[in-house]
Amino acid sequence: MTATATEVAAPPAAEAAARRRRARRRGRTVALLFVFPALLLLGALVVYPVLFSVGRSLFDATGNRFVGGENYTEMFRDPATLKAVRNTAIWVVVAPALLTGLGLILAVLVEKVRWATAFKLLLFMPMAVSFLAAGIIFRLAYDEDPDKGVLNAAVVGVHDAFQGSAAYPTARARDGQGLGEAAGGGYRTSTAVSPGDTVALGLVGVAPKDLPEGARPARTAAGREAAPGELRGVVYLDFTRGGGGEPGRVDPEESGLPRMTVEAVRDGRTVASTTTAADGSFRFADLADGSYTVVLPGSNFAAPYDGVSWLGPALVTPAIIGAYLWIWTGFAMVLIGAGLSTLPRDTLEAARMDGANEWQVFRRITVPLLAPVLTVVFVTLVINVMKVFDLVYIIAPGPVQEDATVLATQMWLVSFGGGNNQGLGSALGVLLLLLVIPAMVFNVRRFRGSQR
């Protein structure tokens with residue numbers, strides 16, 4: 001009877017196993033049907049372009065002649081490509097490190113402010129701005145003209161507040177009217193003068209609208225006689241509106257040039273210095289007898305300070321990295337802030353109770369506990385900066401485009417921006433892919449490790 005029962009029970013067990021196998025096959029089929037659209041898109045948008053680029057990199061510019069690894073060899077012989085590799089290395093080293101550091105500092109500080117949510121929202125808002133719009137914004141902000149570029153307007157304002165600017169950068173002496181060139185870009189009297197003389201120093205090149213506020217006519221100063229031991233004169237704009245004036249002579253409607261520095265020089269040494277009054281007059285009192293030269297120093301005519309050439313060859317890459325920091329700092333802060341909120345508070349409080357100050361708590365406890373989060377943020381940003389294109393292409397002006405180029409922009413320029421060599425451009429794309437893959441693999445492994 002026992003054997004019969006076993007024989008009777010065997011068919012239902014086999015049937016149950018078969019049903020389980022059919023259920024698993026059906027589940028896999030359903031899962032495959034759901035995944036198939038995603039796999040199709042992944043193959044069409046990622047796998048096929050990658051394979052096509054690898055194959056295209058083995059052909060010449062026309063795509064008809066197989067050249068093997070020639071494009072890869074040419075890639076590393078091209079100075080522009082080497083500069084792109086160098087700039088990409090600068091981006092990879094500098095931008096992620098700065099962003100991770102800024103994000104960490106801001107995340108810690110935000111915890112201690114009352115309006116933390118509003119502050120996070122304010123810093124995260126640039127993420128909503130497209131790279132195209134951000135590039136246009138910073139292209140204008142970095143403009144070298146202080147009347148357009150906000151950064152240079154601020155720099156020029158600070159510079160002029162401490163050092164001032166030349167009073168008459170466009171002024172120049174009228175030829176043949178008693179003034180010759182002096183060292184340092186200034187002017188001096190062509191003939192020697194002595195105490196008791198009165199000199200009239202006429203300049204041109206100053207638009208009447210550019211005269212300082214409060215400038216008065218020079219005729220009153222021109223009529224004054226010098227006292228014994230005194231050297232007197234006037235610096236004036238030798239120009240009469242509407243014409244009719246006589247060059248080298250102070251005409252009734254001609255204006256004095258106030259705040260002009262004037263020096264009395266004897267034997268190559270400045271013995272006295274003064275500044276012109278509102279009517280352009282000046283005087284040197286108590287001069288010793290002898291011959292002097294009256295000099296208008298070059299500081300009166302120095303070109304105005306125009307600020308910093310942010311988009312010049314030397315600073316264009318740091319300037320673009322600055323724009324990138326503006327966009328991504330909020331992203332780093334939010335991710336690090338999320339990791340900070342999971343830290344065990346009892347550990348931090350125990351350290352404070354043991355006498356650790358805030359800097360010691362931050363350096364010895366907060367940062368080590370946040371190390372996994374900081375690593376993920378850093379590697380994610382490394383992957384992102386390797387692909388940066390929009391900001392570099394938009395912010396860098398044409399003449400310095402090559403000085404700012406990175407691998408992504410170089411790939412585009414070689415393929416479509418005038419080079420028309422898609423074989424070499426594909427080789428650059430493969431190089432960029434090979435550089436990104438290790439960082440991606442590292443990030444995925446870190447994520448899987450944190451999940452376990």
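Start by selecting R232: in this predicted model its relative accessible area is 13%, so R232 counts as buried, the cut-off being under 20%. Now add E230 to the selection. E230 is buried too, with a relative accessible area of 6%. Show both side chains and draw the distance between them: R232 and E230 form a salt bridge, 3.5 Å from N to O.

Keep that view and bring in R283. What links E230, R232 and R283? A network of salt bridges joins these three residues. Across the structure there are twelve salt bridges, and the next two stops are among them.

**Helix α1**

Jump to helix α1, which covers residues 2–56. Pick R19 and E15 and show their side chains; a salt bridge connects them at 3.2 Å, N to O. Why are R19 and E15 about one helical turn apart? Because they sit four residues apart in helix α1. Colour by accessibility if your viewer lets you. R19 comes out as partly exposed, at 43% relative accessible area, and E15 is partly exposed as well, at 45%.

**Helix α9**

Next, select residues 345–353, which make up helix α9. Inside it, R352 and E349 are three residues apart, or about one turn of the helix. Their side chains meet in a salt bridge of 3.1 Å, N to O. Are R352 and E349 buried, partly exposed or exposed? R352 is partly exposed, with 27% relative accessible area, and E349 is also partly exposed, with 42%.

**The sheet**

Switch to cartoon view and look for the strands β2, β3, β9, β6 and β7. In that order, these five strands build an open sheet with antiparallel pairing. Go to the edges: β2 (179–181) and β7 (269–275) each have a single partner strand, so one side of each has no neighbour in the sheet. Look along the sheet and follow its twist, which averages 30° from one strand to the next.

Now zoom in on β9, residues 293–296. On one flank, β6 (residues 261–266) pairs with β9 in the antiparallel sense, over three bridges. Which residue of β9 is the bridge partner of A264? Click on V294 and you have it. Then turn to β3, residues 187–189, which pairs with β9 over two bridges, again antiparallel. Here, select R188 and look across to β9: V295 stands opposite.

**Spans from the record**

For the last leg, make selections from the UniProt entry, which is unreviewed. The entry places "transmembrane region" features at residues 29–51, 89–109, 121–142, 319–340, 361–383 and 423–444. Try two of these with the secondary structure switched on.

Select 89–109 first. How much of this span is helix? The figure is 100%, with 0% strand, and the C-alpha atoms at its ends lie 30 Å apart.

Then select 121–142. This span is 68% helix and 0% strand, and its end C-alpha atoms are 25 Å apart. Put a distance label on the end C-alpha atoms of each span, and you can compare the two values on screen: 30 Å for 89–109 and 25 Å for 121–142.

Technical notes. Residues are numbered from 1 along each chain as its sequence is written. This is a predicted model: local features need pLDDT of at least 70, side-chain atom pairs count only at pLDDT 80 or more; totals for chains, interfaces and linings use all residues. Side-chain values use heavy atoms; hydrogens and water are left out. A salt bridge is a side-chain nitrogen of Lys or Arg within 4 Å of a carboxyl oxygen of Asp or Glu. Buried means under 20% relative accessible area, exposed over 50%, partly exposed in between (1.4 Å probe, protein chains only). Two strands pair if DSSP finds at least two bridges between them. Axes are lines fitted to C-alpha atoms, for helices over the stretch in contact, and angles run from 0 to 180 degrees between N-to-C directions. UniProt positions are given in the numbering used here, feature names are shortened, and annotations may be inferred rather than shown by experiment.
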